[in-house]
Amino acid sequence: MEFEKDKCQWCGNDAPAYNSIYVPGEDKNLQICLHCYNKEISKAAGIEYEDIQLHPVVLKDLDGMDHEFRFSLRLMGGQQVLCAHEVKADLSSGYEFKMIGETKEGIFPLFSRLYEQMLKSLSRKHISRNTEIDQWQITGDDTVRGQISSVGYDDAQGPNPLLIIDGKKITWDEFAQMVLTYEGFNFKLQIFDQNDEKD
Ligand SMILES: [Zn+2]
């Protein structure tokens, strides 16, 4: 049977990238939704697993912009990973948060820790757009938290690096421009994972 893209190849339900995983099939990898995957893992590991669907949430950032998040849960035996993925109308990358916890503690304590992290992160702003020179600049102190990602592929150099800062895509060149503001100064650049707990 031919399946459409982004459909689970076991149950046929929608399986967007954030909520699916690739598992080896007979001749090619199969895209499987995390609900099916978790059921298999729980059976294999003899773990009790209740398939709880978390509703999407919308959070506002400091500029009053809405950010919509969808959740996915992945069982890894004794541990489970709960992720919040920002979904954007143009399908571009946005915020992504992860929290790992014991499977036996259930999903809700994990959700509350993740949610706290999301609120904390959206209440911080690391960069702003300087409209006079039409480029991003680092606001506040010398700390930038973000996620290191990549976009596309360059035959000579491999994947093109991309940073997700404040839920925005920042290319390596744009980041270099921001750092150039500090030319001539001794500058300690700290890149933290946006999930970090340090202030
Ligand atoms: Zn499925």
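Start with the open sheet: select β3, β4, β5 and β6, four strands in the order β3-β4-β5-β6 with antiparallel pairing. Strands here are DSSP runs of E with at least two residues, helices are H or I runs of at least four, and both are numbered from the N terminus; two strands pair if DSSP finds at least two bridges between them. β3 and β6 (96–102) sit at the edges with a single partner strand each, so one side of each has no neighbour in the sheet. On average, neighbouring strands are turned by 30 degrees against each other, direction ignored. For angles like this, axes are lines fitted to C-alpha atoms (for helices, over the stretch in contact), and values run from 0 to 180 degrees between N-to-C directions.

A word on what you're looking at: this is a predicted model, where local features need pLDDT of at least 70 and side-chain atom pairs count only at pLDDT 80 or more, while totals for chains, interfaces and linings use all residues. Residues are numbered from 1 along each chain as its sequence is written, and side-chain values use heavy atoms, with hydrogens and water left out.

Now colour by pLDDT, the predictor's confidence in each residue from 0 to 100. The chain's mean is 85, and 90% of its residues reach 70 or more. Among the elements, β3 (residues 57–60) has the highest mean, 96, and β12 (residues 190–193) the lowest, 62.

Stay on β3 and show side chains. Val57 and Leu59 point to one face and are buried, while Val58 and Lys60 point to the other and are not. "Buried" means under 20% relative accessible area, "exposed" over 50%, and "partly exposed" in between, with a 1.4 Å probe and protein chains only. Follow the chain into the hairpin that β3 forms with β4: there are 5 residues between the strands, and Gly64 in the turn has a positive phi of about 80 degrees. The two strands pair over 4 bridges, and Val58 has Glu68 of β4 as its bridge partner.

Across the sheet, select β5 (residues 79–87) with β6: this antiparallel pair has 7 bridges. One spot to click is Ala84, whose bridge partner in β6 is Phe97. Then add helix α2 (residues 107–122), which packs on the sheet and touches β3, β4 (66–76), β5 and β6; its direction makes about 150 degrees with that of β6. Contact means heavy atoms within 4.5 Å.

Next, zoom to the zinc ion. Which atoms coordinate it? They are the SG atoms of Cys8, Cys11, Cys33 and Cys36, at 2.3 Å. Donors are N, O and S atoms within 2.8 Å of the metal (3.2 Å for Na, K and Ca), and sites may look incomplete because water is not among the atoms. The 4 donor atoms subtend angles of 104 to 114 degrees, which makes the arrangement tetrahedral; for four donors, that label needs all angles between 85 and 135 degrees. The sequence spacing of the donor residues is C-x2-C-x21-C-x2-C. Cys8 lies in the segment before β1 (20–24) and Cys33 in β2 (residues 29–33), so the pair ties together parts 25 residues apart in sequence. Both Cys8 and Cys33 are buried.

Last stop: Lys168, in strand β11 (residues 168–171). Its relative accessibility is 24%, so Lys168 counts as partly exposed. Beyond its neighbours within four places in sequence, Lys168 is in contact with Trp136 and Leu163.

How values were computed:
Tetrahedral: all angles 85-135°; square planar, octahedral: opposite > 155°, others 65-115°.
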